[in-house]
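The following exercises concern a predicted model. Each task is followed by a solution in steps.

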Amino acid sequence: MSQPPSSRRATCAACLRAQSACICRWVRPVASPAGLLILQHPLEVANAKNSARLLHLSVAGSVLEVGEAFEPARLDALLHADGRVPVLLYPDTPDAPAPASLPMPESVRLVVLDATWRKSRKMLYLNPALRQLPRLALRDMPASHYRIRKAHAPDQLSTLEASAHALGQLVGDGAPFAPLFAAFDGFVEQQAAFVPRLNCSA
């Protein structure tokens with residue numbers, strides 16, 4: 001008697017997506033003197049429109065950790081690994097720590113929250129160590145290319161776009177991170193193919 005076919009789809013071991021939707025072809029390896037730590041909310045892990053995995057696969061040495069409320073010792077180890085100074089990519093708020101002068105990018109770790117704005121605020125609330133970090137806020141950003149996800153303003157960027165701009169700001173030169181935007185455009189085109197309304201002519 002033959003066995004029934006498995007209901008599970010084959011998955012890519014690198015991008016963790018179904019092989020039919022693998023995004024590894026868009027990976028564009030880049031080196032960054034500044035470290036990169038991506039703290040991903042669990043609800044984003046299985047979101048097909050999420051760009052954090054592509055970012056992680058592209059930026060050499062980056063770390064992606066999934067969670068909402070992190071164990072304090074584990075979070076401290078992630079933030080301060082290799083003696084780097086953690087800086088949170090997040091808008092300025094009245095309760096944010098006073099801005100501080102940043103050391104050389106080789107000594108900095110950019111910390112990125114991969115979550116919706118509502119969930120990112122909850123992550124800050126649940127993790128006091130994140131609230132205490134100096135912040136890097138992006139201003140006067142170009143319009144996002146993230147047309148596969150609803151945004152309330154043109155400059156509301158994807159995790160990959162925001163991180164690429166922030167790394168360029170830390171380093172003082174955005175050119176080394178240009179391949180990330182090319183990777184993102186390819187990723188968006190691939191995802192848009194699954195959404196017929198995005199492919200209709202205007």
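A disulfide is taken here as a pair of cysteine sulfur atoms within 2.5 Å. This cut-off is needed for the first exercise.

**Exercise 1. Decide whether C12 and C24 are joined by a disulfide, and describe the exposure of each.**

Solution.
- Step 1: The cysteine sulfur closest to that of C12 belongs to C24, at 3.6 Å.
- Step 2: This separation is too far for a bond, and C24 is accordingly in no disulfide. The count of disulfides comes to zero.
- Step 3: C12 has a relative accessible area of 13% and is buried, whereas C24, at 25%, is partly exposed.

**Exercise 2. Compare the end-to-end distance of helix α5 with the expected span, and establish what its buried residues pack against.**

Solution.
- Step 1: Helix α5 covers residues 159-171, which makes 13 residues. The expected span is 1.5 Å times one less than the number of residues, so for α5 a value of 18 Å should result.
- Step 2: The C-alpha atoms at the ends of α5 are 18 Å apart, in agreement with the expected span.
- Step 3: Ten of the 13 residues are buried, so that α5 is mostly covered. Among them are T159, E161, S163 and G168, as well as L160, A164, L167 and L170.
- Step 4: The partners of these buried residues are the strands β1 (35-40), β3 (85-89), β4 (108-114) and β5 (135-136), together with the helices α1 (52-58) and α6 (178-192).
- Step 5: Just after α5, G172 adopts a positive phi of about 90°.

**Exercise 3. Identify the residues that touch the most other members of the largest nonpolar core, and the element that contributes its largest share.**

Solution.
- Step 1: The largest nonpolar core holds 32 residues, and L36, L54, L55, L110, L180 and F187 touch the most other members.
- Step 2: Two or more residues come from each of β1, α1, β3, β4, α5 and α6. The largest share, six residues, is that of α5.
- Step 3: Setting aside neighbours within four places in sequence, L180 is in contact with R28, V30, L55, S58, V59, L160 and A164.
- Step 4: A second core, separate and of 14 residues, includes L78, V111, M123 and L133.

**Exercise 4. Describe the surroundings of S120.**

Solution.
- Step 1: S120 lies in helix α3 (residues 117-126), and its relative accessibility of 2% places it among buried residues.
- Step 2: A polar atom of the S120 side chain is 2.8 Å from the backbone oxygen of W117.
- Step 3: Beyond four places in sequence, the contacts of S120 are Y90, L113 and A115.

**Exercise 5. Locate the three salt bridges and state the exposure of their residues where given.**

Solution.
- Step 1: E65 and R74 meet at 3.1 Å, N to O. E65 is buried at 19% relative accessibility, while R74 is partly exposed at 39%.
- Step 2: K122 pairs with E68, the closest N and O atoms being 3.8 Å apart. K122 is in helix α3 and E68 in the loop between β2 (63-66) and α2 (72-80), so that the pair links distant parts of the chain, 54 residues apart. K122 is partly exposed, at 37%.
- Step 3: D82 and R109 meet at 3.9 Å, N to O. D82 is in the loop between α2 and β3 and R109 in strand β4, so this pair ties together parts 27 residues apart in sequence.
- Step 4: D82 is exposed, with a relative accessible area of 73%, but R109 is buried at 7%.

Conventions
Residues are numbered from 1 along each chain as its sequence is written. This is a predicted model: local features need pLDDT of at least 70, side-chain atom pairs count only at pLDDT 80 or more; totals for chains, interfaces and linings use all residues. Side-chain values use heavy atoms; hydrogens and water are left out. Helices (H or I, at least four residues) and strands (E, at least two) are DSSP runs, numbered from the N terminus. Buried means under 20% relative accessible area, exposed over 50%, partly exposed in between (1.4 Å probe, protein chains only). A polar contact is a pair of N or O atoms within 3.5 Å; within protein, one must be able to donate a hydrogen and the other to accept it, and residues adjacent in sequence count only if both atoms are side-chain atoms. Contact means heavy atoms within 4.5 Å. A nonpolar core is a set of buried Ala, Val, Leu, Ile, Met, Phe, Trp, Tyr and Cys residues joined through side-chain atoms within 4.5 Å. A salt bridge is a side-chain nitrogen of Lys or Arg within 4 Å of a carboxyl oxygen of Asp or Glu.
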